[in-house]
Amino acid sequence: MESAALYGEVNAGGVRKVANLLVPLRGAKKGLPSMSMITLKVNGRSVTLDADPTTPLLYILSDDLALRGPKFGCGLGQCGSCTVIVKGQAVRSCTAPVSTVAGAEITTLEGLGSSEKPHPIQKAFIDEQAMQCGFCVNGVIMTAKAYLDRNPKASEAEVRQALSTVLCRCHAHSRMLHAVTRYAKGVKA
Ligand code: FES
Ligand code: FES
């Protein structure tokens with residue numbers, strides 16, 4: 001198995017359209033929201049956009065930059081499917097206003113590797129066949145990557161704890177934990 005979900009190639013477009021049905025437009029009590037020029041550094045590339053500063057980072061990544069790695073799951077910071085890495089920390093992009101990450105290094109799943117050249121953590125997921133539908137896998141990989149970058153000697157129990165708030169409705173947790181453990185062994189070696 002080599003799923004497109006491992007590289008952010010699954011089309012989950014229309015995030016803003018769907019989310020706007022659920023979340024009232026922020027910063028727009030009357031009329032149009034106020035816009036600002038905001039510069040982001042995403043996967044090593046600098047991009048400047050005209051955006052409402054309160055727009056969730058996830059909407060910008062998905063709708064404006066066409067990055068399909070981070071997924072809209074709950075939109076409330078609870079499931080982890082939208083996780084990206086900002087300045088080395090796992091951040092839930094559905095609740096992070098874009099203005100709070102202006103100028104910071106942002107890495108999405110696409111920034112790790114590709115199907116031609118997967119990152120070792122993506123390779124570990126392939127080797128362990130560690131997913132079912134794949135919707136949550138972005139959150140698991142990005143959360144694990146950020147955690148192990150900062151804690152390369154973490155025990156399996158600590159990794160399990162770090163991943164405990166990323167939800168998987170397919171109950172593929174144990175396979176994913178095997179994949180992360182396999183990757184962690186390579187990090188320690
Ligand atoms: Fe962001 Fe669920 S979509 S935490
Ligand atoms: Fe389907 Fe986790 S593999 S939600």
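# Notebook: strands, helices and a few single residues

I began with one residue pair: in β4, V91 is the bridge partner of V84. I note here that I am working with a predicted model.

**The hairpin.** From that pair I moved out to the two strands around it. Strand β3 covers residues 83-86 and strand β4 covers residues 89-92; they run antiparallel and are joined by 4 bridges. Together β3 and β4 make a hairpin, with 2 residues between them. I then looked at the turn and stopped at K87, which has a positive phi of about 50° although it is not a glycine. As a reminder to myself, most residues other than glycine have a negative phi. Is K87 buried or exposed? I found 12 other C-beta atoms within 10 Å of K87, so K87 is exposed.

**A second positive phi.** I also wrote down N43, another residue other than glycine, with a positive phi near 50°. N43 sits in the loop between β1 (36-42) and β2. Around N43 I have 19 other C-beta atoms within 10 Å, so N43 is partly exposed; the cut-off for buried is 20 or more.

**The whole chain.** Next I stepped back to see where the hairpin belongs. I list 6 helices and 5 strands for the protein chain. Along the sequence I read the pattern as α-β-β-α-β-β-β-α-α-α-α. The chain has 189 residues, and 40% of them count as buried. I also looked up the contacts between residues at least 6 apart in sequence: 65% of these join residues at least 24 apart.

**The sheet.** In what order do the 5 strands lie in the open sheet? I read the order as β2-β1-β5-β3-β4, with mixed pairing. The edge strands are β2 (45-51) and β4, each of which pairs on one side only. On average, neighbouring strands in this sheet are turned by 40° against each other, direction ignored. I then checked what covers the hairpin strands: α4 lies across β3 and β4 and runs at about 25° to β3.

**α3 against α4.** For helix pairs I keep two quantities in mind: two packed helices are described by the angle between their axes and the distance between the axes. Helix α3 spans residues 120-127 and helix α4 spans residues 137-150; their axes come within 10 Å and cross at roughly 130°. That angle makes α3 oblique to α4. I have the crossing down as right-handed. Which residues of α3 and α4 meet? On the α3 side I list I121, Q122 and F125, and on the α4 side V137, I141, A144 and K145. By class, I get 5 nonpolar, 1 polar and 1 charged residues in this contact.

**α3 against α6.** I repeated the exercise with helix α6 (residues 173-188). The axes of α3 and α6 come within 8 Å and cross at roughly 135°. Again the angle makes the pair oblique, α3 to α6. This crossing is right-handed as well. From α3 the contact takes P120, I121, A124, F125 and D127, and from α6 it takes A179, R182, Y183 and G186. I sorted the residues of this contact into 6 nonpolar, 1 polar and 2 charged. I see I121 and F125 listed in the contact with α4 and also in the contact with α6.

**Two buried residues.** I picked V140, which is found in helix α4. Why does V140 count as buried? Because I find 26 C-beta neighbours inside 10 Å of V140. Leaving aside neighbours within four places in sequence, I have V140 in contact with L163, V166 and M176. I also looked up V140 against C82: these two are 58 residues apart in sequence, with 9.9 Å between their C-alpha atoms.

My last stop was A5, in the segment before α1 (15-22). With 23 other C-beta atoms within 10 Å, A5 is buried. I paired A5 with L109, which is 104 residues away along the chain; their C-alpha atoms are separated by 9.1 Å.

Technical notes:
Residues numbered from 1 in each chain as written. Chains lettered and ligands numbered in written order. Predicted model: local features only at pLDDT ≥ 70, side-chain atom pairs only at ≥ 80, totals over all residues. Contact = placed C-beta atoms within 7 Å. Pairing = 2+ DSSP bridges. Axes fitted to C-alpha atoms, helices over the stretch in contact; angles between N-to-C directions. Parallel < 35°, antiparallel > 145°, perpendicular 65-115°, else oblique. Left-handed = near helix turned anticlockwise from the far one by under 90°. Nonpolar A, V, L, I, M, F, W, Y, C, P; charged D, E, K, R; others polar.
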